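Visitor: I would like a close look at a single part of this structure. Please take one strand and explain what lies around it.

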Amino acid sequence: MKVAIFGTGNVGIHMNNLLTGAGYETMLCGRRTADENRHTFAEGASGAEAILIALPYTVAVDIMKSIAPLTAGKLVIDCTNPLNPDWSPLVPGENRSAGEVLAGLLPDARLVKAFNTVFADVMVPERQLRSGLKITAFVAGDDTEARQKVITLASDIGFEPLDTGALFTARYLEAMAHLNIHIAVAGGGGTHAAFIYHKNQ
Ligand SMILES: NC(=O)c1ccc[n+]([C@@H]2O[C@H](COP(=O)([O-])OP(=O)(O)OC[C@H]3O[C@@H](n4cnc5c(N)ncnc54)[C@H](OP(=O)(O)O)[C@@H]3O)[C@@H](O)[C@H]2O)c1
């Protein structure tokens, strides 16, 4: 599966490395296309089967509006967290999540929330195993087949996928990320921490 990665910052580059390391074909997409092998967002939306959003949430809203007509049937993996400039939680709407807002902007695509609870700093092979346990990648989405594709992708790139069900559970995943950021930034916990859901089976 070819994945267009929207955003070439911390998450975009680390996810690109994990995906290419696992044999996925990728297209790095951003606003600076002068760099070698960079594509426009429209080229990525047209040229790949899947889009991975690694942009600030408010930027993603604008970009999704502009590429929506190109996303019919595509898998969209939303890694965003809705944040204010000071990293505090930005509430995208009453009882809603960034994932649901972005999905609403892409009515013909199949959006899955994933990887937003994983710090970019641990999206590297040497930090994915913790005392023998893989970091959990929570996966939420309304389309079962799309969710399954992301579960397979998450497993392929070294995470332990956990299916949280319908897209409304993105609200919980974004709250988890807000807590993670709060502990890292306000609590001095750093960004090498990671969630592991241990079922004790
Ligand atoms: N960092 C983490 O640990 C982490 C973990 C999980 C999820 N997330 C979420 O993932 C997303 C990306 O985070 P990040 O840490 O990778 O951010 P980042 O390092 O700041 O990278 C942001 C990317 O967005 C692009 N961008 C910013 N403003 C833009 C605009 N107006 N138009 C087009 N492109 C624009 C930047 O492009 P330029 O390079 O051209 O500036 C850059 O490629 C965010 O929603 C974040 O909340 C982050």
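Guide: What follows is a description of strand β5 and its surroundings. This is a predicted model, in which local features need pLDDT of at least 70 and side-chain atom pairs count only at pLDDT 80 or more, while totals for chains, interfaces and linings use all residues. Residues are numbered from 1 along each chain as its sequence is written.

Strand β5 covers residues 75–78. Strands (E, at least two residues) and helices (H or I, at least four) are DSSP runs, numbered from the N terminus. Both faces of β5 are covered: Leu75 and Ile77 on one side are buried, and so are Val76 and Asp78 on the other. A residue is buried if 20 or more other C-beta atoms, placed from the backbone, lie within 10 Å of its own.

On one hand, β5 pairs with strand β4 (residues 50–53), to which 4 bridges join it in parallel. Two strands pair if DSSP finds at least two bridges between them. Val76 is the bridge partner of Ile51 here. On the other hand, 4 bridges join β5 to strand β6 (residues 110–114), again parallel, and in β6 the partner of Val76 is Leu111.

Helices connect these strands. With helix α3 (residues 57–67), β4 and β5 make a right-handed β-α-β unit. With helix α4 (residues 98–105), β5 and β6 make a right-handed β-α-β unit. Right-handed means that, with the strands pointing away from the viewer, the path from the first strand over the helix to the second runs clockwise.

The neighbour β4 is also covered on both faces, with Ala50 and Leu52 buried on one side and Ile51 and Ile53 on the other. Strand β1 (residues 2–6) is joined to β4 by 4 bridges and runs parallel to it; Phe6 of β1 stands opposite Ile53.

Ile77 of β5 touches Ala50, Leu52, Ile53, Val112, Ala114 and Val150, leaving out residues up to four places away in sequence. Contact means that the C-beta atoms of two residues, placed from the backbone, lie within 7 Å. Ile77 is also among the residues that touch the most other members of the largest nonpolar core, which has 57 residues. The largest share of this core, 5 residues, comes from α3. A nonpolar core is a set of buried Ala, Val, Leu, Ile, Met, Phe, Trp, Tyr and Cys residues joined through C-beta atoms within 7 Å. In soluble globular proteins, nonpolar side chains tend to be buried together.

Conventions: Buried ≥ 20, exposed ≤ 12 C-beta atoms within 10 Å, placed from the backbone.
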